[in-house]
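Colleague: Before I rely on the descriptions attached to this model, I should like to hear the reasoning behind them. Please show me the structure and then take my questions in turn.

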Amino acid sequence: MRHDMRSTMTAVLERNTVVREDFATEPYELPWAAEARFFVQALEADGALAFRTEISPDGLHWCPLDESEHRIDSPGLITWPVSGFGQWLRVRCTVAPGAVAKLRIYLVGKG
Amino acid sequence: MAKYNPLSRVLCFDTFDTTTHGWTELLGNYDGSGNLDTVDDHMRDFRPPQLSSCSFFDVGTHGTMSGDYALKLATRPYPGHTATGIRRLTMAGRGRVRIETHFAFKAEATVGHEAPSSVGWDGNRHPSESQFGAFTVATDICSDGGLRYHNVIRYQNTNLDGEMTNRWMYPVVPEPTPRDHVEGRFALPYAADFTAPDPADWRTFDEPLELCVNEVPTKINWHYLRWDIDTSTRSNVELQLNDRVMDMRDVPVPPYPDRYGTLDNLLNFYFSVRTHCGIRNFLFLDSVLISVEW
């Protein structure tokens, strides 16, 4: 076990995924990480999308981590930190009626 | 390392208490502008590996054979979906190559409702037993002037109809590549079997073999697997699963008919897990050891 340097890991949860309706990313387990960060890159976006961090004790049942909502309505990159989570993380995305976007979603863990 | 039986030179001993050790998601190839829309549909969503403490809804943290974390490959809950972890090496010689692991496999627990299953619950057997599709261990090797081939073994737990089969299988065709697609030979849909898409191209070997499922989807028991191949003869040699040793010398390894450039001395290994129903399937690797005789 290396104690001299922190561990970090980046997972690409969605890769050029076209979304037209609400969705949640696949459960991702980060039991070792003390902190995490989501990045959402909208390669294309026409209409509003809102993202919230959700956490789970078992990968099956989910609740919001906090009240924060992260919005994007044009191409670009947004990010937000995550701390105080349990083992599983995911992003829930609400897509406004008629909106469409092409997304890459990254999750970075650091221990 | 005493739980393994390596050959004379150890290339990798990967225990997942310290990072993913180079086991990463497999992704198909893309064009020169970094446009990921050009990745083949069947090779764009193999899911990133996770470091898992093997925690479950009923007992909490299970832990692994060696410590805190295992490498977990997890499919989407989508029929045919495959998750992969690939390790990329090259060869400094030719000869016997051995990959060993202690692994566990499971379908995701179904809580609060029943999911389709060909196995009923009787207090011993559990429906989740038939909700696990298959796991595969395979290589991608290229040598000797661009000659490329894959040694492949697959444990098929159920067929595509969800019926228990418990068979070891191998493909009789090489894996479709992005170049095959560019040259018009294949255009495979999302969740196609990327190793060999036509079920008719798979053959069984050895006898049906029942692994340790242990009655519910959240008890994981570590199985020992050892697989020997020979890169000097481009052949399979032997497979061991717990106490069963299977001779693989007659299991063919079909090469690509065309030569491949930029892959000199390629020595890749991958593990994959494929669900045959709409339930996530998991493959947990406690640790992996790759050793060679060169």
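**Reasoning behind the descriptions**

Modeller: Chain B has an accessible surface of about 11,600 Å², and carbon and sulfur atoms contribute 48% of that surface. Please bear in mind that this is a predicted model.

Colleague: Why is chain B called as compact as a globular protein of its length?

Modeller: The radius of gyration of chain B is 19 Å, and the globule rule gives 19 Å for 294 residues; the two are close, so chain B is as compact as a globular protein of that length. The chain has one helix and 17 strands. Its C-alpha trace spans about 55 × 45 × 35 Å along the principal axes.

Colleague: How many of the contacts in chain B join residues 24 or more positions apart?

Modeller: Among contacts with a separation of 6 or more, such pairs account for 73%. Buried residues, in turn, make up 59% of the 294 residues in chain B.

Colleague: Is A:Ile105 buried or exposed, and how do you know?

Modeller: Buried means under 20% relative accessible area. A:Ile105 has 0% relative accessibility, and therefore counts as buried. The residue lies in strand 10 of chain A, residues 100-110. Beyond its neighbours up to four places away in sequence, A:Ile105 touches residues including A:Phe23, A:Phe38, A:Phe39 and A:Val40.

Colleague: Is B:Asn166 buried or exposed, and what makes it so?

Modeller: Its relative accessible area is 14%. The cut-off for buried is under 20%, so B:Asn166 is buried. This residue belongs to strand 11 of chain B, residues 164-171. Leaving out residues up to four places away in sequence, B:Asn166 touches B:Tyr155, B:Gln156, B:Asn157, B:Glu207, B:Pro208, B:Leu209 and B:Glu210.

Colleague: Which residues have the most contacts inside the largest nonpolar core?

Modeller: They are A:Phe51, A:Leu103, B:Trp168 and B:Leu225, in a core of 80 residues. Apart from that core lies another, of 11 residues, among them B:Phe46, B:Ile86, B:Ala196 and B:Trp202.

Colleague: What does B:Trp168 contact, leaving aside its neighbours within four places in sequence?

Modeller: Its contacts include B:Phe135, B:Ile153, B:Phe205, B:Leu225, B:Leu239, B:Leu241 and B:Met246. B:Arg154, B:Arg203 and B:Thr204 are also among the residues in contact with B:Trp168.

Colleague: How far apart are the mean positions of the positive and negative charges of chain B?

Modeller: The mean positions of its 27 positive and 39 negative charges are 3 Å apart.

Definitions and conventions: Residues numbered from 1 in each chain as written. Chains lettered and ligands numbered in written order. Predicted model: local features only at pLDDT ≥ 70, side-chain atom pairs only at ≥ 80, totals over all residues. Heavy atoms only, no water. Core = buried A, V, L, I, M, F, W, Y, C linked by side-chain atoms within 4.5 Å. Buried < 20%, exposed > 50% of the residue type's maximum accessible area, 1.4 Å probe, protein only. Contact = heavy atoms within 4.5 Å. Helix = DSSP H or I, 4+ residues; strand = E, 2+ residues; numbered from the N terminus. Rg over C-alpha atoms; globule rule 2.2 N^0.38 Å. Areas by Shrake-Rupley, 256 points an atom, 1.4 Å probe, with all protein chains shown as cover. Lys, Arg positive; Asp, Glu negative; His and termini not counted. Charge placed at Lys NZ, Arg CZ, Asp CG, Glu CD.
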